[in-house]
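Trainee: I'm new to this one and would love a close look at a single part of it. Could you pick a spot and walk me outward from there?

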Amino acid sequence: MNPIYLDLVLNTILEQFQSEEDFYHNYLGIEAYQWQQWKEGSNNLPPEINQKIKNLFSDYEWMLSQKVIRQTFLFPEKRPTAVAEYREMKTIVAQKWIASGLGKVELIPYKNKNDEEKQDYIDLRVTIDYDSWGYNDILSFRLPARIQNQIESSQKQTALLDWVNENLTETYTSLED
């Protein structure tokens, strides 16, 4: 198992799920020992389970993760900061999409059974729509719910775009712990 790939997967799991256990038990439907063996690289998971893991990422996020992994092969000194670099690159790309006028920004209601966590986080999505079904590029960001108050001070799309331009990188990349 490539350790950078594993770090990126674990980071994404913790963004999208309450815990790693919630992910492998409820989402993947596997036992702790199977998950642990997969993480250690001592056992493969069935293709449909591997696809579920890959589906943690949008197509664009998957491509970006593969670029980060490749960079760590070329530049071993980047290995300790690979997850931070991935997160930062997501924000840079999102801001470029928005600046170009192609990116659409939206707040997505958080879907989790736990109401307390629902109040703690919001999901922000930046999308480029190519007017062809299934070919949109998507970047998703799970952010603290407190930022919603900053954005909602003005209900206009401009306020959301301004917030993304001014605060996305700092807010998203500071959530690494």
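Mentor: Let's start with Phe 73, which counts as exposed because its relative accessibility is 55%, over the 50% mark for that label. Keep in mind that we're looking at a predicted model. Phe 73 sits in helix α5. Together with Leu 74 and Phe 75, Phe 73 makes a nonpolar patch of about 320 Å² on the surface.

That's worth a pause, since in soluble globular proteins nonpolar side chains tend to be buried together. So where does that kind of grouping turn up here? Look at the largest nonpolar core, which has 26 residues. Val 9, Phe 23, Trp 35 and Ile 53 are the ones with the most contacts inside this core. The elements giving two or more residues to the core include α5, the helix we started from, along with α1, α2, α3, α4 and α6. The top contributor is α1, with 7 residues.

Now zoom in on Phe 23, one of those well-connected residues. If you skip its neighbours within four places in sequence, Phe 23 is in contact with Ile 13, Phe 17, Leu 28, Trp 35, Ile 53 and Leu 56. Apart from this core there's another one, of 19 residues, with Tyr 60, Ile 122, Val 164 and Tyr 172 among them.

Phe 23 belongs to the buried residues of helix α2 (residues 20-27), and the others are Asp 22 and Tyr 24. What do the buried residues of α2 pack against? Their partners are α1 (3-16), α3 (32-40) and α4 (47-54). After α2 comes Gly 29, with a positive phi near 75°.

For a contrast with our exposed starting point, Phe 73, go to strand β2 (residues 121-128). In β2, 6 of the 8 residues are buried, so the strand is largely enclosed by the rest of the structure. Which strands does β2 pair with? One is β1 (residues 103-108), running antiparallel to β2 and joined to it by 6 bridges. Within that pairing, Glu 106 has Arg 125 of β2 as its bridge partner. Another is β3 (residues 137-144), which pairs with β2 over 8 bridges, again in the antiparallel sense. There, Leu 124 stands opposite Phe 141 of β3.

So, to retrace our steps: Phe 73 is exposed at 55% relative accessibility, Phe 23 is among the buried residues of α2, and β2 is largely enclosed, with 6 of its 8 residues buried.

Conventions. Residues numbered from 1 in each chain as written. Predicted model: local features only at pLDDT ≥ 70, side-chain atom pairs only at ≥ 80, totals over all residues. Heavy atoms only, no water. Buried < 20%, exposed > 50% of the residue type's maximum accessible area, 1.4 Å probe, protein only. Helix = DSSP H or I, 4+ residues; strand = E, 2+ residues; numbered from the N terminus. Contact = heavy atoms within 4.5 Å. Core = buried A, V, L, I, M, F, W, Y, C linked by side-chain atoms within 4.5 Å. Patch = residues over 30% accessible without salt bridge, like charges linked within 9 Å, V, L, I, M, F, W, Y side chains within 5 Å. Areas by Shrake-Rupley, 256 points an atom, 1.4 Å probe, with all protein chains shown as cover. Salt bridge = Lys/Arg side-chain N within 4 Å of Asp/Glu carboxyl O. Pairing = 2+ DSSP bridges.
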